[in-house]
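Hi everyone, thanks for making time for this. I'd like to walk you through one protein chain, going from the whole fold down to a few single residues.

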Amino acid sequence: MQKTFSIIKPDAVKRNLIGHINQIIESSELKILASKKLYLTKKQAEIFYEVHKERPFFDSLVEYMTSGPVQVQVLEGNNAVANYRKIMGATNPAEAEEGTIRKQYAESIEANSVHGSDSEENAKIEISFFFSGSELV
Ligand code: CMP
């Protein structure tokens, strides 16, 4: 069993898509261990996306991620990191496969509805950024 970290982003939360997206997640083998809605502070968004700090889209990304509430979640299953990335689809919805969350719901490469960890190592870092061990049940 492996854990991964997911964010349902402001564009999807605004459009009332938390349940729709979680239905797709739960229809796969993934279990939702923890889930909470919150506003990211500017500081949190900057730290979370620090790896993209030098990218031209960084400021816009931080502004977008703090533009409304997000749903942060911990998912568990076999190969959870890779499986969730498959279910999400490509970062750019124009390149996402049919049936993926981003193909169905993403508005743009920035407002792409969901985030998922890209490795088990980053999943651990991202999970501990938002959740304590006792919240993962
Ligand atoms: P995510 O998987 O959360 O990781 C980094 C985020 O940056 C990505 O989803 C998008 O929301 C955003 N992003 C990536 N590439 C671009 C881009 N070329 N232009 C704007 N935003 C981007």
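I'll begin with the overall picture and then look at two helices, two loop residues and one strand residue.

Please keep in mind that what you see is a predicted model. The chain has 7 helices and 4 strands. Starting from the N terminus, the order is β-α-α-β-α-α-β-α-α-β-α.

How does the radius of gyration of the chain agree with that of a compact globule? For 137 residues, a compact globule would come out near 14 Å, and the chain has 14 Å, so the two agree. The C-alpha trace spans about 35 × 35 × 25 Å along its principal axes. As for the inside, 44% of the 137 residues count as buried. If we take contacts between residues at least 6 apart in sequence, 78% of them join residues at least 24 apart.

Now the outside. The chain exposes about 7,400 Å², and carbon and sulfur atoms supply 48% of that area. There are 16 positive and 19 negative charges, and their mean positions lie 2 Å apart.

Let's move to helix α5, residues 80–88. Its buried residues are A80, V81, Y84, I87 and M88. Where do they sit around the axis of α5? Looking down that axis, they fall within an arc of 130°, so they line one face of the helix. For those of you new to helices, here is the background: an α-helix has 3.6 residues a turn, so residues three or four places apart point the same way.

The buried residues of α5 have plenty of partners to pack against: β1 (2–8), α2 (18–27), β3 (70–77), α6 (101–105), β4 (114–116) and α7 (120–130). Just after α5 comes G89, with a positive phi of about 90°.

One of those partners, α7, is my second helix. The buried residues of α7 are A123, E126, I127 and F130. They cover an arc of only 100° around the axis, which puts them on the same side of α7. Notice that a glutamate, E126, is listed among these buried residues. Turned away from that side is a face carrying the exposed residues E121, K124, I125 and S128. The cover over the buried residues of α7 includes β1, β2 (31–38), α3 (42–48), β3, α5 and β4.

Next, two loop residues, neither of them a glycine. N16 has a positive phi near 65°, and its place is in the loop between α1 (10–14) and α2. S113 has a positive phi too, of about 70°, and this serine is found in the loop between α6 and β4. Which of the two is buried, and which is exposed? N16 is exposed, with a relative accessible area of 64%, whereas S113 counts as buried, at 0%.

My last stop is T4, in strand β1. Its relative accessibility is 0%, so T4 counts as buried. What does T4 touch, if we leave out residues up to four places away in sequence? The list is Q73, V74, L75, A80, V81, Y84, S117, A123 and I127. Here we meet both helices again: A80, V81 and Y84 are buried residues of α5, while A123 and I127 are buried residues of α7.

That's my tour, and thanks for listening!

Technical notes: Residues numbered from 1 in each chain as written. Predicted model: local features only at pLDDT ≥ 70, side-chain atom pairs only at ≥ 80, totals over all residues. Heavy atoms only, no water. Rg over C-alpha atoms; globule rule 2.2 N^0.38 Å. Buried < 20%, exposed > 50% of the residue type's maximum accessible area, 1.4 Å probe, protein only. Contact = heavy atoms within 4.5 Å. Areas by Shrake-Rupley, 256 points an atom, 1.4 Å probe, with all protein chains shown as cover. Lys, Arg positive; Asp, Glu negative; His and termini not counted. Charge placed at Lys NZ, Arg CZ, Asp CG, Glu CD. Arc of directions from axis to C-beta.
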